[in-house]
Amino acid sequence: MPEAIFQDQIEMSKQGYFTLLLDENLRALASALEDDGFKVVVPPQGMDDEALKRMARGWAILTANSRDFIEHAARHDYDVIGIEAIKFIDSKPDRTNETVRKVSQAVRRSKLATTKGNFWLQVRDDGSFRLEQLV
């Protein structure tokens, strides 16, 4: 029997409405992230970390304090996107925002939105990333 030749193609939208829950100190990124195609959840001011963890189920927490969230990611079923290594957090409200560009490209290149499991995506200042599965 001859071997089949497949010509599969996968076409996906830019983000597919990947949901990001913003840690309190990153609220300025909300409109730029939405402009870039993310669904963004901004929790009420002053919400404690435990409530954020419960709220983030099935989503990703974008934070500059990854260590506060990675330990409980698997139990509460969320991903963590850490931007501690980014030196300057841009506050421009549109898709020209450099911080959002780095996060967006790292999410796309890492395939975080389509990967099963719980992960810690560490975005570096140069836009590269490190992806670690959390157990």
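Which residues in α4 are buried? That's the thread running through these close-ups of a predicted model.

**View 1. The whole chain, as context for the close-ups.** This predicted chain holds 4 helices and 6 strands, and from the N terminus they run β-α-β-α-β-α-β-α-β-β. Along the principal axes, the C-alpha atoms fill a box of roughly 65 × 35 × 25 Å. Of the 135 residues, 42% count as buried. Take the contacts with a separation of 6 or more: 42% of those come from residues 24 or more positions apart. If you care about surface chemistry, the accessible surface is about 8100 Å², with 50% of that belonging to carbon and sulfur atoms. As for electrostatics, there are 19 positive and 22 negative charges, and their mean positions sit 1 Å apart.

**View 2. Helix α4 and its buried residues.** Helix α4 covers residues 98–110, which makes 13 residues. From first C-alpha to last the helix reaches 18 Å, close to the 18 Å expected at 1.5 Å a residue. Back to the opening question: the buried residues here are Thr-99, Val-100, Lys-102, Val-103, Ser-104, Ala-106, Val-107 and Ser-110. An α-helix has 3.6 residues a turn, so residues three or four places apart point the same way. Keep that in mind as you read along the list. The buried residues of α4 pack against one helix segment, α1 (30–35), and against the strands β3 (60–63), β4 (79–82), β5 (119–123) and β6 (129–133).

**View 3. The N-terminal end of α4, capped by Asn-97.** Zoom in on the start of the helix and you'll find Asn-97 doing the capping. A side-chain oxygen of Asn-97 lies 2.9 Å from the backbone nitrogen of Thr-99. Thr-99 is itself one of the buried residues of α4.

**View 4. Ser-110 in α4, with its polar contacts.** Ser-110 is found in helix α4, and it counts as buried because its relative accessible area is 11%, under the 20% cut-off. Its side chain is busy with backbone atoms. The side chain of Ser-110 reaches the backbone oxygen of Val-107 at 3.1 Å, and a polar atom of that side chain lies 3.2 Å from the backbone nitrogen of Leu-112. Which residues does Ser-110 contact once its neighbours within four places in sequence are left aside? They are Thr-115, Leu-121, Phe-129 and Leu-131.

**View 5. Lys-111, just after α4.** The helix is followed by Lys-111, which lies in the loop between α4 and β5. Buried or exposed? Lys-111 counts as exposed, because its relative accessibility of 55% is over the 50% cut-off. Check the backbone too: phi of Lys-111 is near 60°, a positive value in a residue other than glycine.

**View 6. Arg-57 and Asp-77, two loop residues in contact.** Arg-57 lies in the loop between α2 (49–55) and β3, while Asp-77 is found in the loop between α3 (73–76) and β4. With neighbours within four places in sequence set aside, Arg-57 is in contact with Arg-75, His-76 and Asp-77. Arg-57 counts as partly exposed at 49% relative accessibility, and Asp-77 also counts as partly exposed, at 36%. Asp-77 has a positive phi of about 60° although it is not a glycine. For a sense of scale, the C-alpha atoms of Arg-57 and Val-40, 17 residues apart along the chain, are separated by 14 Å.

Technical notes: Residues are numbered from 1 along each chain as its sequence is written. This is a predicted model: local features need pLDDT of at least 70, side-chain atom pairs count only at pLDDT 80 or more; totals for chains, interfaces and linings use all residues. Side-chain values use heavy atoms; hydrogens and water are left out. The expected span of a helix is 1.5 Å times one less than its number of residues. Buried means under 20% relative accessible area, exposed over 50%, partly exposed in between (1.4 Å probe, protein chains only). Contact means heavy atoms within 4.5 Å. A polar contact is a pair of N or O atoms within 3.5 Å; within protein, one must be able to donate a hydrogen and the other to accept it, and residues adjacent in sequence count only if both atoms are side-chain atoms. Accessible areas come from the Shrake-Rupley method with a 1.4 Å probe; for residues, only the protein chains shown count as cover. Lys and Arg count as positive and Asp and Glu as negative; His and the chain ends are not counted. The place of a charge is taken as NZ of Lys, CZ of Arg, CG of Asp or CD of Glu.
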